[in-house]
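Q: Hi! Could you walk me through a structure, one bit at a time?
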Amino acid sequence: MSEKKTEQDHISLALKQLVEAALPHVMFDGWSDTTFKAAVKDSGVDEGLAAQTCPRGAVDLALGFHRLGDEAMVDALNSTDLSDMRFRDKIAKAVELRIRAVADEKEAVRRGVTLFALPQNAGEGAQVLWATTDKIWTALGDSSEDVNWYTKRATLSAVYSSTILFWLGDDSDDYANTWAFLDRRIDNVMQFETVKAKLKDNPLIKGLMSFVPDIRKPSSCAPDDLPGKTSTS
């Protein structure tokens, strides 16, 4: 007996259907209201469900396209044998798999970059970029709890975003130039990490860091003292 689908299941399925239906239109109309309306019509998704799935229309549709790419990347990463790879190569492979997840939809990615470069959408763009790098680090088993949780994601965000921009203009066979660019960027990051590790052993730096408050990664649970939080005691 199959499990009954939840509301979230219906929304997730609707999003996939809407994105799939939107992609042929994005090439001509970008991530626009015109594309969103065409996606609703072509997908056969009920208008009410479409509005619930993408309350802001085209912006939420573009965000959905990005998040589906993240899901495909995580699936591919989990099914790839990384055991014999150096850690820097694991990071490179993850970024490569993320790009390959949308390689057939380069124009949709290009239009998305344009959309999230607009001032009113820049915050959303930064959030999904951060989410992508967080998924990569999490999939690779990152266990950092302190400030390194932030620096790893910030650094990878810079690597990923610059590689995407390079890839959008790359017409080499199998994007060979992109993968070479990615390797150079990661090598630069690894050099920075080596310097940072040496600095941590410097007595002067240790003294300065003692004045820096303990920074922890965000909690996955809401604080108990938030307004409206009901005590269980």
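A: Sure! One term to begin with: a polar contact is a pair of N or O atoms within 3.5 Å; within protein, one must be able to donate a hydrogen and the other to accept it, and residues adjacent in sequence count only if both atoms are side-chain atoms. This is a predicted model, where local features need pLDDT of at least 70 and side-chain atom pairs count only at pLDDT 80 or more, while totals for chains, interfaces and linings use all residues. Residues are numbered from 1 along each chain as its sequence is written, and side-chain values use heavy atoms, leaving out hydrogens and water.
Q: Nice. Which side chain makes a polar contact with the side chain of Asp170?
A: That of Thr178, at 2.6 Å.
Q: New topic: how many aromatic pairs does a search of the whole structure find?
A: Seven. Rings of Phe, Tyr and Trp (its six-membered ring) pair if their centres lie within 6.5 Å; planes under 30 degrees apart count as stacked, over 60 as edge-to-face and the rest as tilted. Phe87 and Trp137 are stacked, because their ring centres are 5.7 Å apart and their planes are at 25 degrees.
Q: Is Trp137 buried or exposed?
A: Trp137 counts as buried, at 9% relative accessibility. Buried means under 20% relative accessible area, exposed over 50%, partly exposed in between (1.4 Å probe, protein chains only). Phe87, at 36%, counts as partly exposed.
Q: And which residue forms an aromatic pair with Trp167?
A: Tyr175 does, in an edge-to-face pair with 5.8 Å centre to centre and 70 degrees between the planes. Trp167 is buried at 0%, and Tyr175 counts as buried at 18%.
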